[in-house]
Amino acid sequence: MNQLKERFWQEITAANSIMIAGHIRPDGDCTGSCMALYQYFSKEFPQKETNVYFESVPEKFEFLKKIQERKTECSDGKRYDLFIAVDSSDKERLGEAGVYFQNAKRTICVDHHISNLNYADLNIVEANASSTAEVIYQLLEEEQIDCEIATALYLGIIHDSGVFKYENTSRKTMEIAGVLMEKGVNTAKVIDETFYQKTYVQNQILGRVLLESMMVLEGKGIVSCVTQRMMEFFGATPADLDGIIEQMRLTKGVEVAILLVETGVLTYKVSMRSVKKVNVSDIALKFGGGGHVRAAGCTMTGTFHDVVNTLLEYCEIQMK
Ligand code: AMP
Ligand code: MN
Ligand code: MN
């Protein structure tokens, strides 16, 4: 890490213009990590031109300082000295921001996905880290981290560690969180208002998806589906589905949970979670996706039953 940190700072020092962007449909880790870097560079290097891009930002993250300064489109395709890809395991997941990656003079990728393809000039990928925010914390100087930067990092950590409960949570995760707390983060508020709180619509759709879920693999698996009709009926956005798969995974006896979200005709965004045996990242990789050992995703085509049956076959092999 020390050597990577040194190389990271060499790149930052050499760049006069920096673009920061994460993956499509940004989650808490992606948003918090990007904003921590953006706030840090804006504060420490006001002479540099630093920008951050998001495809969209869930409303619950809008409280982060300076997030209103973000870019929301990439049509200028500007050639930056340095592009930093955050929390994105491959180039394609950068979405529209891929144009900045292509055009940049130098590129860095900061990530924690085991499936990361090391696609940048400098790749800082720690597969054992709870979150990209945890990796970024280690790149920054502790003394320069103010309460707002700490809040962004803390947000990233709690979202990807499921508030410190997933297997990816380590002693280091807790120690970093401790330092961030001392910077004055309002932890209870960040946890409640960005992680646990649900809107009425979110609760309704959660209820509906659980109601229609099915137990498979003799009680070791659970599957469910969100159709486009359901999304329209509830007036829901993809971000409203956060946390549903986690509730499925928590069903007693379940080792693997699969949620299919219909995104087009016979096309599904697949989310998978496991408890302690199935490597869902391996399965997602077979279908062009990726992720982590216990949380991964991909896009698949076919009918609901075809897709589920295909995935369950792979799960079964691993559970033997
Ligand atoms: P999700 O189920 O969408 O919350 O995603 C779980 C994990 O898998 C996240 O860490 C994502 O980054 C990763 N992931 C989800 N979908 C894909 C995909 N199509 N390609 C690569 N990684 C993915
Ligand atoms: Mn992410
Ligand atoms: Mn992440």
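This is a short talk on the two manganese sites, the two sheets and the empty spaces of one protein model. The model is predicted, so please keep in mind that everything here is computed from it.

I will start with the metals. The manganese ion called ligand 2 has three protein donors, H23 through NE2, D27 through OD and D87 through OD, at 2.1 to 2.3 Å. Written along the chain, the spacing of these donors is H-x3-D-x59-D. H23 sits in the loop between β1, residues 17-21, and α2, residues 28-44, while D87 is in the loop between β3 and α3. Those two residues are 64 residues apart, and the pair links distant parts of the chain.

Are H23 and D87 buried or exposed? H23 has a relative accessible area of 6% and is buried. D87 is at 1% relative accessibility and also counts as buried. The cut-off for buried is under 20% relative accessible area.

Next, the manganese ion called ligand 3. Its protein donors are the OD atoms of D29, D87 and D160 together with NE2 of H112, and they lie 2.1 to 2.3 Å from the ion. Their spacing in sequence reads D-x57-D-x24-H-x47-D. Which residue coordinates both manganese ions? That is D87, and the two ions, ligand 3 and ligand 2, are 3.6 Å apart. D87 is in the loop between β3 (82-86) and α3 (98-103), and H112 is in the loop between β4 (106-111) and β5 (122-125), so this pair ties together parts that are 25 residues apart in sequence. D87 and H112 are both buried.

Now the sheets. One of them is an open sheet of five strands, in the order β2-β1-β3-β4-β5, and the pairing is parallel. At its edges stand β2, residues 49-53, and β5; each has a single partner strand, so one side of each is left without a neighbour in the sheet. From one strand to the next, the twist averages 15°. Inside this sheet, β1 and β3 run parallel and are joined by four bridges. If you want a place to look, A21 stands opposite A85 in β3.

There is also an open sheet of six strands, ordered β6-β7-β8-β9-β11-β10, and here the pairing is mixed. Its edge strands are β6 (214-216) and β10 (290-291), and each pairs on one side only. The pairing of β7, residues 221-226, with β8, residues 256-264, is parallel and covers six bridges. In that stretch, S224 stands opposite L259 in β8.

Last, the empty spaces. Rolling a probe the size of a water molecule over the atoms shows where empty space is left. How many cavities of 30 Å³ or more does a search of the whole structure find? The search finds one. The largest cavity has a volume of about 50 Å³. Among the residues that line this cavity are G22, H23, I24, Y53 and E96. H23 is thus a lining residue of the cavity as well as a donor to ligand 2. By type, the cavity lining divides into five nonpolar, three polar and two charged residues.

As for pockets, the second largest one holds about 290 Å³ of space. Residues lining this pocket include P58, E59 and K60, then E193, and later T237, A239 and D240. Its lining has two nonpolar, four polar and five charged residues.

Note on methods
Residues are numbered from 1 along each chain as its sequence is written. Chains are lettered from A and ligands numbered from 1 in the order in which they are written. This is a predicted model: local features need pLDDT of at least 70, side-chain atom pairs count only at pLDDT 80 or more; totals for chains, interfaces and linings use all residues. Side-chain values use heavy atoms; hydrogens and water are left out. Donors are N, O and S atoms within 2.8 Å of the metal (3.2 Å for Na, K and Ca); water is not among the atoms, so sites may look incomplete. Buried means under 20% relative accessible area, exposed over 50%, partly exposed in between (1.4 Å probe, protein chains only). On a 1 Å grid over the protein atoms alone, a cavity is a set of points where a 1.4 Å probe fits but cannot get out, and a pocket is an open set with protein on both sides within 12 Å along at least five of seven lines; lining residues have an atom within 4 Å of a point. Grid points are joined across faces, edges and corners, and a volume is the space filled by probe spheres set on the points. Ala, Val, Leu, Ile, Met, Phe, Trp, Tyr, Cys and Pro count as nonpolar, Asp, Glu, Lys and Arg as charged, and the others, Gly among them, as polar. Two strands pair if DSSP finds at least two bridges between them. Axes are lines fitted to C-alpha atoms, for helices over the stretch in contact, and angles run from 0 to 180 degrees between N-to-C directions.
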